[in-house]
Amino acid sequence: MHELLDIAPCGILLFDDSGKILKANATLTGWLDYEAHSLEGRNIDTVLSVASRVFYNTHFFPLIKLHGRADEIFLTLVSSSGDKSIPVLANAVRRTTSSGVENMVVFMPGPERKKFEDEILQARRAAESALAEN
């Protein structure tokens, strides 16, 4: 992987249609506590939480395959030990190369997103409750 992509402030993962990881940048392997290049050859399920695996198989990958891209998809990554989860926003593109089809996904960490969504839901419920009481 090009040096700049390896140190980019986002996780980058390249995988084929079978889900086999072809490359992962140093940022991603660092977040997930893997050694450099140790994700290569593993399945993408390795880095996804159980819920994100289901979503990947039913929505995320089909979107990539059908439209050639997927944007702003919320997933949760898990560390090598499984004790750390990282909420991320994922964008992906698909391309055909001389060696076949490759899918590239970029992960941006979003640890505060879930908190903000929960706060919005609480505020909405409070407003609906107050409206119902009046």
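**View 1. Surroundings of Thr29 in helix α2 of the predicted model.** Thr29 touches Ala24, Tyr34, Glu35 and Leu39, when residues up to four places away in sequence are not counted. In this predicted model, Thr29 has its place in helix α2, which comprises residues 26-31. With a relative accessible area of 5%, Thr29 falls under the 20% limit and is therefore buried. A polar atom of the Thr29 side chain lies 3.1 Å from the backbone oxygen of Ala26.

**View 2. The whole chain, shown for orientation.** The chain holds four helices and five strands, and from the N terminus on its elements follow the order α-β-β-α-α-β-β-β-α. The C-alpha trace spans about 65 × 30 × 25 Å along its principal axes. Of the 134 residues in the chain, 33% are buried, and the accessible surface comes to about 8100 Å², with 56% of that area belonging to carbon and sulfur atoms. Among the contacts with a separation of 6 or more, 40% are made by residues 24 or more positions apart.

**View 3. The hairpin of strands β1 and β2.** Strand β1 (residues 11-15) and strand β2 (residues 21-24) run antiparallel and are joined by three bridges. Phe15 has Ile21 in β2 as its bridge partner. Five residues lie between the two strands of this hairpin, and Gly19 takes a positive phi near 95° there.

**View 4. The aromatic cluster around Phe15 and Phe61.** The count of aromatic pairs comes to four. In the pair of Phe15 and Phe61, the ring centres are 6.4 Å apart and the planes stand at 55°, so the pair is classed as tilted. Because Phe15 belongs to strand β1 and Phe61 to helix α3 (residues 50-67), this pair ties together parts of the chain that are 46 residues apart in sequence. Both partners are buried, Phe15 at 0% relative accessibility and Phe61 with a relative accessible area of 12%. Phe15 and Phe61 form one aromatic cluster together with Tyr56 and Phe60.

**View 5. The largest nonpolar core, with Phe60 and its contacts.** The largest nonpolar core has 25 residues, and those with the most contacts inside it are Leu13, Val47, Phe60, Leu75, Leu77, Val105 and Phe107. The elements that give two or more residues to this core are β1, β2, α3, β3 (69-78), β4 (85-97) and β5 (100-109). In soluble globular proteins, nonpolar side chains tend to be buried together. Leaving aside neighbours within four places in sequence, Phe60 is in contact with Phe55, Ala70, Ile73, Leu75, Ala90, Ala92 and Val105. Phe60 is thus named both among the residues with the most contacts inside the core and as a member of the aromatic cluster.

**View 6. The hairpin of strands β3 and β4.** Strands β3 and β4 pair in the antiparallel sense over eight bridges. One of the bridge partnerships is that of Ile73 with Ala90 in β4, and both of these residues are also in contact with Phe60. Six residues lie between β3 and β4 in the hairpin, and Gly82 in the turn has a positive phi of about 80°.

**View 7. Asp33 and His37 in the loop between α2 and α3.** Most residues other than glycine have a negative phi. Asp33, which is not a glycine, nevertheless has a positive phi of about 60°, and His37, likewise not a glycine, has a positive phi of about 70°. Asp33 lies in the loop between α2 and α3, and His37 is found in that loop as well. At 44% relative accessibility, Asp33 lies between the 20% and 50% limits and so counts as partly exposed, whereas His37, with a relative accessible area of 56%, is over 50% and therefore exposed.

**View 8. Ile7 in the loop between α1 and β1.** Ile7 is found in the loop that connects α1 (3-6) with β1. Its relative accessible area of 58% is over the 50% limit, so Ile7 is exposed. From C-alpha to C-alpha, Ile7 and Thr46 are 22 Å apart in space, and the two residues are 39 residues apart in sequence.

Conventions
Residues are numbered from 1 along each chain as its sequence is written. Side-chain values use heavy atoms; hydrogens and water are left out. Buried means under 20% relative accessible area, exposed over 50%, partly exposed in between (1.4 Å probe, protein chains only). A polar contact is a pair of N or O atoms within 3.5 Å; within protein, one must be able to donate a hydrogen and the other to accept it, and residues adjacent in sequence count only if both atoms are side-chain atoms. Contact means heavy atoms within 4.5 Å. Two strands pair if DSSP finds at least two bridges between them. Rings of Phe, Tyr and Trp (its six-membered ring) pair if their centres lie within 6.5 Å; planes under 30 degrees apart count as stacked, over 60 as edge-to-face and the rest as tilted. A nonpolar core is a set of buried Ala, Val, Leu, Ile, Met, Phe, Trp, Tyr and Cys residues joined through side-chain atoms within 4.5 Å. Accessible areas come from the Shrake-Rupley method with a 1.4 Å probe; for residues, only the protein chains shown count as cover.
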